[in-house]
Amino acid sequence: MKTVISTHEAPQAIGPYSQAIKANGFLFLSGQIPLDPVTGEVVYGGIEMQTRQVLTNVKGILQKEGLTFANAVKTTVFLQDMNDFAAMNKIYAEYFETEPPARSTVQVAKLPRNVAVEIEMIAVY
């Protein structure tokens, strides 16, 4: 059994997918990009600002389910440019101060809306 999770604290899906799915004690969050949930517009201003917006969107979905970043067990970070790794990592570390989740970080050719970063997550209840 699965349950679709949706909140206005994160951007609404811009395609045929759910913000998150709850199944078997896990919460599977779709990749979040730096969209302002109110305007639906990309937040520009560099990798730091975009990473912060992405993680703010993730936080909104987690909070909808009564979870925090401490519940995260796996993330995948997609970067348009691996040269942004250190700057992204600095902001990312602010959200995972202790016991960070397992993580993969990959460079991709292009991301939706031509953003610099996308992050997906698996969390446990």
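Modeller: Before we start, a nonpolar core here is a set of buried Ala, Val, Leu, Ile, Met, Phe, Trp, Tyr and Cys residues joined through side-chain atoms within 4.5 Å. Also, keep in mind that this is a predicted model.

Biologist: Thanks! So how many residues has the largest nonpolar core?

Modeller: The largest nonpolar core has 27 residues. Those with the most contacts inside it are Leu27, Leu29, Leu62, Phe69, Val117 and Met121.

Biologist: And which elements give two or more residues to this core?

Modeller: Those would be β3, α1, β4, α2 and β6. Helix α1 gives the most, with six residues.

Biologist: Is there a general reason for such clusters?

Modeller: In soluble globular proteins, nonpolar side chains tend to be buried together.

Biologist: Let's zoom in on Phe69. What does phenylalanine 69 touch?

Modeller: If you skip residues up to four places away in sequence, phenylalanine 69 touches Leu55, Val58, Lys59, Leu62, Tyr95, Phe96 and Met121.

Biologist: What about the second, separate core, which residues does that one include?

Modeller: That core has six residues, among them Val42, Phe78, Leu111 and Val115.

Biologist: Okay, on to the strands. In which sense do β3 and β6 pair?

Modeller: Strand β3, residues 26–32, and strand β6, residues 117–124, pair in the antiparallel sense over five bridges. Leucine 29 stands opposite methionine 121 there.

Biologist: And how many bridges join β4 to β6?

Modeller: Seven bridges, and those two strands run antiparallel. Strand β4 covers residues 72–79, and its leucine 79 stands opposite valine 117 in β6.

Biologist: Switching topic: where is glutamine 50 found, and is it buried or exposed?

Modeller: Glutamine 50 is in helix α1, which spans residues 47–64. Its relative accessibility is 5%, so it counts as buried, the cut-off being under 20%.

Biologist: A buried polar side chain, then. What does the side chain of glutamine 50 reach?

Modeller: The backbone oxygen of valine 43, at 3.3 Å. Leaving aside neighbours within four places in sequence, glutamine 50 is in contact with Pro34, Val42, Val43, Tyr44, Val115, Ala116 and Val117.

Biologist: Last one: proline 100. Where is that found?

Modeller: Proline 100 lies in the loop between α2 (85–95) and β5 (102–107). Proline 100 is exposed because its relative accessible area is 52%, and exposed means over 50%.

Biologist: How far apart are proline 100 and threonine 75?

Modeller: They are 25 residues apart in sequence and 9.5 Å apart in space, going C-alpha to C-alpha.

Methods: Residues are numbered from 1 along each chain as its sequence is written. This is a predicted model: local features need pLDDT of at least 70, side-chain atom pairs count only at pLDDT 80 or more; totals for chains, interfaces and linings use all residues. Side-chain values use heavy atoms; hydrogens and water are left out. Helices (H or I, at least four residues) and strands (E, at least two) are DSSP runs, numbered from the N terminus. Buried means under 20% relative accessible area, exposed over 50%, partly exposed in between (1.4 Å probe, protein chains only). A polar contact is a pair of N or O atoms within 3.5 Å; within protein, one must be able to donate a hydrogen and the other to accept it, and residues adjacent in sequence count only if both atoms are side-chain atoms. Contact means heavy atoms within 4.5 Å. Two strands pair if DSSP finds at least two bridges between them.
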